[in-house]
Amino acid sequence: MNKKILLTAINAKYIHSNLAVYSLRANAGKYAAQVELAEFTINHRREEILQGIFREKPDMVGFSCYIWNIEYVLDVAENLKKILPEVKILLGGPEVSYDAVQRLEQHEYVDMIIAGEGEKTFRELLEWYCEGRPHKELENICGLCYRDKSGEIYMTPAREPARMDELSFPYWDLEDMENRIIYYETIRGCPFSCSYCLSSVEKSVRLRSLSLVFEELDFFLKHHVKQVKFVDRTFNCNHEHAYEIWKYIQEHDNGVTNFHFEIGGDLLRKEDFELFQTFRPGLVQFEIGVQSTNPETVRAIRRRADLGQIRENVRKVKETGNIHQHLDLIAGLPYEDYKSFHRSFLDVYAMKPDQLQLGFLKVLKGSYMDEAKEKYEVVYGNRPPYEVLSTRWLPYEDVMRLKGVEEMVEVYYNSFQFPASMALLECCTGDAFRMYEGLGEFYEKKGYLGRKHSRVSRYEILWEYANSLYEDLEEEFRQALTYDLYLRDYIKNPPSFVRPRDREYLAWVRKFLDGEAENPRILSGYDGFVTKQLFNMVYIGQFTLDIQALLAEQKIDKNDPCSLVFDYRQRDPLNHSARVTRVRQAGADGYHRV
């Protein structure tokens, strides 16, 4: 029977792809030709999603379900059943796998749920459906929850995990994937037992053969995919597997593709660091989950990470200067009160990650944390994402305060746009956590929270905040903010804190650019441009504060006049900041690099 199966993904953002639906289609066997994909985002109106599915006139619709989209899925599915009453509605994914029977009891418009890994279950389900087999035969399909013709709900035995090499590669057709993040996996399962994570449910670790992985990596590299994000939990839990993949992408680097890995920071070895030193800047990026540095908390969440080793390895990776590192903390974990989280924050902040993700505990169905919620007095939201509201150690008032810290870290640290300003503010505050806490309180007091702000307005708010605390450092903050502003782009209409360049200095800038146009010593990549053009392409400003010493945490000379040249054609590949060269005037017309 010719049936049309539509696998539907509602992603968090357009740039994301949904590995689940691609893998289900790729592994559908002879029925793959009857399977089509439809991807939307949570930014689409639900009516648009409903209309998009309806136009396809499918016989069966499968939805991939996660905490960020389940409410969209259920709303669309319910209305879809009203307008296409004969359509079969199938759900799958982590958000419905651990309470499949209850989901069918609650939502009568849902016909079936795939619980757990879906590839084999989906293929067998298609065989049943497309061949028109008797309803009773559904009981022979493992990993399936369904209702029979009388409405009775049945749950079949759990599906045995698939061997990774049995699974077909999902992406041989990369149509419409330009500029999107490709999610890819070489490992299923995790050897660790973190209490908040669903990956810990399955203790075994299954690896895809390296010969297959290399063939698939070649495909990504050949197509110049912008980013491949490995969804493997603790990618380097098997050192040989991880090392060989890192070595392969280094040897076959196309100069474009970036690879993202979630790794165990304490599991890196000497040979890894030797290999990392050979990487192109931006070839790979690492995400490392620290979560907490409170020993009692770490024990309670069943982590076995060595914090001292993580700290040392993060330092070694940072020294290579070519790998972006993203470290994670989770608020709301057992035994972590506000004071303890303050310490955890400072411990991780001192590692100087490129990004620090301050997240909040989400109590996921099927996790040990869900089972232990009463023991730890964890109160969390009834609806997705099931985020913590309070614990025995952390009242809701403290959760709100941490939300303010989270937003300020996201804006003023993770954006890479305020390095000098925040370094100076930290020098004054003496405590990075208190710095972000105070800034969050200032936002709340001024009514700035919950409003959209332009990039420039974020600088102006920081200028306002710094002046409210440190009037005697007005000039230092003026220069730090000016540096940060021009580090990203040449702002032609700068805010009020930027001191205009006087005529005498502008005359020197033009002389400098005359020399660079004729015989480049500082600038590169501007061949063929004349001084007038360079003046509008390169910003040069006069500073008396030693910004570079500030950023390097060295003794700051507050009266060291020099010029900084911001070269926007030579950007840092990790944070996209302009290359900055420090030069000092030598006479009326000359200069030398400092």
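**Figure 1. Helix α6 and the residue Gly-132 in the predicted model.** Gly-132, just after α6, adopts a positive phi of about 65°. The model shown here and in the other views is predicted. Helix α6 covers residues 119-130, 12 residues in total. From its first C-alpha to its last, α6 reaches 16 Å, close to the 16 Å expected at 1.5 Å a residue. The buried residues of α6 are Glu-119, Thr-121, Phe-122, Leu-125, Leu-126, Trp-128, Tyr-129 and Cys-130.

**Figure 2. The open sheet of 7 strands.** The strands follow the order β2-β1-β3-β4-β5-β6-β7, and their pairing is mixed. At the edges lie β2 (35-41) and β7 (153-155), each of which pairs on one side only. On average, neighbouring strands of this sheet are turned by 20° against each other, direction ignored.

**Figure 3. Pairing of strands β1 and β2.** Strand β1 (residues 5-11) runs parallel to β2, and 7 bridges join the two. Within β2, Ala-38 stands opposite Thr-8. Strand β2, residues 35-41, is an edge strand of the sheet, and β1 follows β2 in the strand order.

**Figure 4. Strand β19 and its partner β18.** Strand β19 spans residues 562-571, and 7 of its 10 residues are buried, so β19 is largely enclosed by the rest of the structure. Buried here means under 20% relative accessible area. Strand β18 (residues 539-543) pairs with β19 in the antiparallel sense, over 5 bridges. One bridge places Gly-541 with its partner Leu-564 in β19.

**Figure 5. The second largest pocket.** This pocket has a volume of about 970 Å³. Its lining consists of 29 residues, and those closest to the pocket centre are Lys-318, Lys-352, Tyr-413, Pro-419 and Leu-551. By residue class, the lining of the second largest pocket divides into 17 nonpolar, 6 polar and 6 charged residues.

**Figure 6. Helices in the lining of the second largest pocket.** Three helices, α15 (419-429), α18 (474-488) and α21 (547-551), each supply at least two residues of the lining. Of the elements that line the pocket, α15 gives the most, with 5 residues. Pro-419 and Leu-551 are among the lining residues closest to the pocket centre; the ranges of α15 and α21 are 419-429 and 547-551.

Technical notes: Residues are numbered from 1 along each chain as its sequence is written. This is a predicted model: local features need pLDDT of at least 70, side-chain atom pairs count only at pLDDT 80 or more; totals for chains, interfaces and linings use all residues. Side-chain values use heavy atoms; hydrogens and water are left out. Buried means under 20% relative accessible area, exposed over 50%, partly exposed in between (1.4 Å probe, protein chains only). Helices (H or I, at least four residues) and strands (E, at least two) are DSSP runs, numbered from the N terminus. Two strands pair if DSSP finds at least two bridges between them. On a 1 Å grid over the protein atoms alone, a cavity is a set of points where a 1.4 Å probe fits but cannot get out, and a pocket is an open set with protein on both sides within 12 Å along at least five of seven lines; lining residues have an atom within 4 Å of a point. Grid points are joined across faces, edges and corners, and a volume is the space filled by probe spheres set on the points. Ala, Val, Leu, Ile, Met, Phe, Trp, Tyr, Cys and Pro count as nonpolar, Asp, Glu, Lys and Arg as charged, and the others, Gly among them, as polar. The expected span of a helix is 1.5 Å times one less than its number of residues. Axes are lines fitted to C-alpha atoms, for helices over the stretch in contact, and angles run from 0 to 180 degrees between N-to-C directions.
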